[in-house]
Amino acid sequence: AVDQAWGEAVLPLLGAYAALQFCTWLFEVLVGTLYALAAHTALTRLRVRMYRNLVQQDAAFFDAHVSGELSSRLINDSGALQSLAQFTSQSLIQGVVRLAG
């Protein structure tokens with residue numbers, strides 16, 4: 001009788017705890033997904049704007065700047081933002097693993 005009463009008291013608390021953990025995980029996944037999407041969109045816009053501005057320069061600009069330097073700038077600057085997006089994706093994966101583990 002005591003075990004049954006204890007089980008009836010603890011079982012709803014365990015269910016509430018599990019539901020709370022699931023909601024926390026779901027929120028982490030949602031935030032991670034939205035953040036990764038925003039970072040990807042920002043990176044794409046940055047690359048397009050940088051390329052558009054580069055193409056619109058006159059010939060004297062390209063005479064003054066080495067093409068390798070410009071290419072390096074395009075790749076490295078946008079790569080820094082891509083690293084941020086990858087970090088966010090890793091956080092998303094950690095959330096999934098946390099739920100499974």
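F22, L26 and L99 form a nonpolar patch on the surface of this predicted model, and together they have about 270 Å² of accessible area. F22 also belongs to one of the aromatic pairs, with W25 as its partner. The protein chain holds 3 helices and 0 strands, and its count of aromatic pairs is 2.

**Surface patch and F22**

- The nonpolar surface patch joins F22 with L26 and L99.
- F22 is located in helix α1.
- With a relative accessibility of 40%, F22 is classed as partly exposed, because this value falls between the 20% limit for buried residues and the 50% limit for exposed ones.

**Aromatic pairs**

- A pair of aromatic rings is characterised by two quantities, the distance of the centres and the angle of the planes.
- The count of such pairs in this model is 2.
- For F22 and W25, the ring centres are 5.7 Å apart and the planes stand at 35°, so the pair is tilted; planes under 30 degrees apart would count as stacked and planes over 60 as edge-to-face.
- Both F22 and W25 lie in helix α1, which covers residues 2–55, and they are separated by 3 residues, about one turn of the helix.
- The two partners fall into separate accessibility classes: F22 is partly exposed at 40%, whereas W25 is buried, its relative accessible area being 16%.
- For F61 and F62, the ring centres are 5.4 Å apart and the planes stand at 85°, so this pair is edge-to-face.
- F61 has a relative accessibility of 22% and therefore counts as partly exposed, the limit for buried residues being under 20%.
- F62 is likewise partly exposed, with a relative accessible area of 36%.

**Fold and contacts**

- Read from the N terminus, the elements of the protein chain follow the order α-α-α.
- The secondary structure of the protein chain includes 0 strands alongside its 3 helices.
- Of the contacts in the protein chain between residues at least 6 apart in sequence, 75% connect residues at least 24 apart.

**Burial and accessible surface**

- The protein chain has 101 residues, and buried residues account for 12% of them; W25 is one of the buried residues.
- The accessible surface of the protein chain amounts to about 8,000 Å², and 66% of this surface belongs to carbon and sulfur atoms.

How values were computed
Residues numbered from 1 in each chain as written. Predicted model: local features only at pLDDT ≥ 70, side-chain atom pairs only at ≥ 80, totals over all residues. Heavy atoms only, no water. Phe/Tyr/Trp six-rings, centres within 6.5 Å; stacked < 30°, edge-to-face > 60°. Helix = DSSP H or I, 4+ residues; strand = E, 2+ residues; numbered from the N terminus. Buried < 20%, exposed > 50% of the residue type's maximum accessible area, 1.4 Å probe, protein only. Contact = heavy atoms within 4.5 Å. Areas by Shrake-Rupley, 256 points an atom, 1.4 Å probe, with all protein chains shown as cover. Patch = residues over 30% accessible without salt bridge, like charges linked within 9 Å, V, L, I, M, F, W, Y side chains within 5 Å. Salt bridge = Lys/Arg side-chain N within 4 Å of Asp/Glu carboxyl O.
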